[in-house]
Amino acid sequence: MENWTRKQWEMIKSNTTQSLFYLYTPMCGTCAVASKMMQVVEAMRQEIPMGKADLNYMEDIAVDYEIESVPCLLITEDGKVREKIYAFRSVPDLLMKID
């Protein structure tokens, strides 16, 4: 999954029907597990633009989108955040929420 800046994400979410933006921090153990799940999701849903970012360097996104914790997956549709996922239960669960 490619690292995105806020500017990249804003442009992609505005120009696509759906996109996923995965937010994490490197020292978070739960984020490490979620990152592996996201790699599988990315391989299974290659048609959806997906990016990631270290939330430590994206404080403005944390404030603007009221991110409560990491890991966090922002699912966007038609330029707007449709859902914020904090509980990465399983790959099938993530795929259901994305579709």
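**An enclosed central strand and its surroundings**

In the predicted model, strand β2 is largely enclosed by the rest of the structure, because 7 of its 7 residues are buried. Two sets of side chains leave the strand in opposite directions: Q18, L20, Y22 and Y24 point one way from β2, while S19, F21 and L23 point the other way, and all are buried.

The strand belongs to an open sheet of 5 strands with mixed pairing, arranged in the order β1-β3-β2-β4-β5. At the edges of this sheet are β1 and β5, each of which pairs on one side only. On one side, β2 runs parallel to strand β3 (residues 50–54), and 5 bridges join the two. With β4 (72–77), β2 pairs in the antiparallel sense over 6 bridges. Residue L23 illustrates both pairings: its bridge partner in β3 is A53, and its bridge partner in β4 is C72. F21 has G51 as its bridge partner in β3.

Beyond β4, the sheet continues to β5. These two strands run antiparallel and are joined by 5 bridges; L74, for instance, has K84 as its bridge partner in β5. The hairpin of β4 and β5 has 2 residues between the strands, and within this hairpin D78 takes a positive phi near 50 degrees. At the opposite edge, strand β1 (residues 2–3) contains N3. This residue is partly exposed, with a relative accessible area of 49%. Apart from neighbours within four places in sequence, N3 is in contact with Q8, Y24 and K52. The C-alpha atom of N3 is separated by 19 Å from that of S69, which is 66 residues away along the chain.

Individual residues of β2 show how the strand is surrounded. Q18, in strand β2, is buried with a relative accessible area of 17%. Its side chain reaches the backbone oxygen of I98 at 2.7 Å. Residues up to four places away in sequence not counted, Q18 touches I48, P49, I75, T76, E77, R82 and I98. S19, also in strand β2, is buried with a relative accessible area of 0%. A polar contact of 2.4 Å joins the side chain of S19 to that of T76. With neighbours within four places in sequence left aside, the contacts of S19 are W9, I12, K13, I48, P49, L74, I75 and T76.

Nonpolar residues are grouped in separate cores. The largest nonpolar core has 19 residues, of which L20, Y22, M38, V41, L73, F88 and L94 touch the most other members. At least two residues of this core come from each of β2, α2 (29–44), β4 and α4 (91–98). Helix α2 gives the most, with 5 residues. Leaving aside neighbours within four places in sequence, L20 is in contact with W4, V41, I48, P49, M50, G51, L73, L74, I75 and I98. A second, separate core has 13 residues, W9, L55, I61 and A62 among them.

Helix α1 (residues 6–15) has R6, W9 and K13 as buried residues. Seen down the axis of the helix, the buried residues of α1 fall within an arc of 60 degrees, so they line one face. This arrangement follows a general pattern: an α-helix has 3.6 residues a turn, so residues three or four places apart point the same way. The buried residues of α1 pack against β2 (18–24), α3 (59–64), β4 (72–77) and β5 (80–85). The face of α1 turned away from this buried side carries the exposed residues K7, M11, S14 and N15.

The structure holds 0 disulfides. Two cysteines may be described individually. C28 is buried, with a relative accessible area of 15%. C31 is likewise buried, with a relative accessible area of 1%.

Conventions:
Residues are numbered from 1 along each chain as its sequence is written. This is a predicted model: local features need pLDDT of at least 70, side-chain atom pairs count only at pLDDT 80 or more; totals for chains, interfaces and linings use all residues. Side-chain values use heavy atoms; hydrogens and water are left out. Buried means under 20% relative accessible area, exposed over 50%, partly exposed in between (1.4 Å probe, protein chains only). Helices (H or I, at least four residues) and strands (E, at least two) are DSSP runs, numbered from the N terminus. The arc is that of the directions from the helix axis to the C-beta atoms. Contact means heavy atoms within 4.5 Å. A disulfide is a pair of cysteine sulfur atoms within 2.5 Å. A nonpolar core is a set of buried Ala, Val, Leu, Ile, Met, Phe, Trp, Tyr and Cys residues joined through side-chain atoms within 4.5 Å. A polar contact is a pair of N or O atoms within 3.5 Å; within protein, one must be able to donate a hydrogen and the other to accept it, and residues adjacent in sequence count only if both atoms are side-chain atoms. Two strands pair if DSSP finds at least two bridges between them.
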